[in-house]
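The following exercises ask the reader to examine one structure step by step. Each task is followed by a worked solution.

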Amino acid sequence: MRTIYPIFRYSDPRAAIDWLGAAFGFRVHAVHEAPDGTVAHAELVLDTGMIMLGGRADAARRPAEDDWSVYVAVPDVDVHCAQARAAGAEIIREPFDTDYGSRDYAARDLAGNVWSFGTYRP
């Protein structure tokens, strides 16, 4: 059972849902609409993980690369990075091997959020 659910806010949640699927491989679990038809809350899954997202009226500051990040374990970092790049993700750290046996890379999504992907599974 999941116990941690990172939450993201996007100025265009519907576009974010589509983009997160195309770039990072997320699948829609649920989308709840507000009375005006906008996305009030959405849940996306990747493997056993889940994120939640919603809308934001104002533009937030762009996080620095070392402010925070969400780490997502994926089976093939190079394939995943190529998929993200093809969907327009800004790759801020190309795939690399760590000294603890993981292969990782980092990317920004369309709202500037930093995502780290790798093969490490604690």
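**Exercise 1.** Determine which residue's side chain is joined to that of Ser102 by a polar contact, and establish whether Ser102 is buried or exposed.

*Solution.* Step 1: the side chains of Ser102 and Asp104 are joined by a polar contact of 2.6 Å. A polar contact is a pair of N or O atoms within 3.5 Å; within protein, one must be able to donate a hydrogen and the other to accept it, and residues adjacent in sequence count only if both atoms are side-chain atoms. Step 2: a polar atom of the Ser102 side chain also lies 3.3 Å from the backbone nitrogen of Thr119. Step 3: Ser102 is placed in the loop between β6 (90-97) and β7; helices (H or I, at least four residues) and strands (E, at least two) are DSSP runs, numbered from the N terminus. Step 4: Ser102 has a relative accessible area of 3% and is therefore buried (buried is under 20% relative accessible area, exposed over 50%, partly exposed in between, with a 1.4 Å probe and protein chains only).

The model is predicted: local features need pLDDT of at least 70, side-chain atom pairs count only at pLDDT 80 or more, and totals for chains, interfaces and linings use all residues. Residues are numbered from 1 along each chain as its sequence is written, and side-chain values use heavy atoms, leaving out hydrogens and water.

**Exercise 2.** Identify the backbone oxygen that the side chain of Arg108 reaches.

*Solution.* Step 1: Arg108 is located in strand β7. Step 2: its relative accessibility is 6%, so Arg108 counts as buried. Step 3: the Arg108 side chain reaches the backbone oxygen of Gly112 at 2.8 Å.

**Exercise 3.** Trace the network of salt bridges that includes Arg103.

*Solution.* Step 1: a salt bridge is a side-chain nitrogen of Lys or Arg within 4 Å of a carboxyl oxygen of Asp or Glu. Step 2: Asp78 and Arg103 meet in such a bridge, at 2.9 Å from N to O. This pair links distant parts of the chain, with Asp78 in helix α2 and Arg103 in strand β7, 25 residues apart. Step 3: Asp97 also forms a salt bridge with Arg103, the closest N and O atoms being 3.1 Å apart. Step 4: Asp78, Asp97 and Arg103 are thus linked in a network. Step 5: Asp97 is exposed at 58%, whereas Arg103 is partly exposed at 24%.

**Exercise 4.** Find the salt-bridge partner of Arg121.

*Solution.* Step 1: the whole structure holds 6 salt bridges. Step 2: in one of them, Arg121 pairs with Asp47, their closest N and O atoms being 3.5 Å apart. Step 3: Arg121 is in the segment after β8 and Asp47 in the loop between β3 and β4, 74 residues apart.

**Exercise 5.** State which residues of the largest nonpolar core touch the most other members.

*Solution.* Step 1: a nonpolar core is a set of buried Ala, Val, Leu, Ile, Met, Phe, Trp, Tyr and Cys residues joined through side-chain atoms within 4.5 Å. Step 2: the largest has 27 residues, of which Leu20, Phe24, Phe26, Leu53, Tyr105 and Trp115 touch the most other members. Step 3: the elements that each supply at least two residues include β1 (7-10), α2 (77-86) and β8 (114-118). Step 4: α1 gives the most, with 6 residues.
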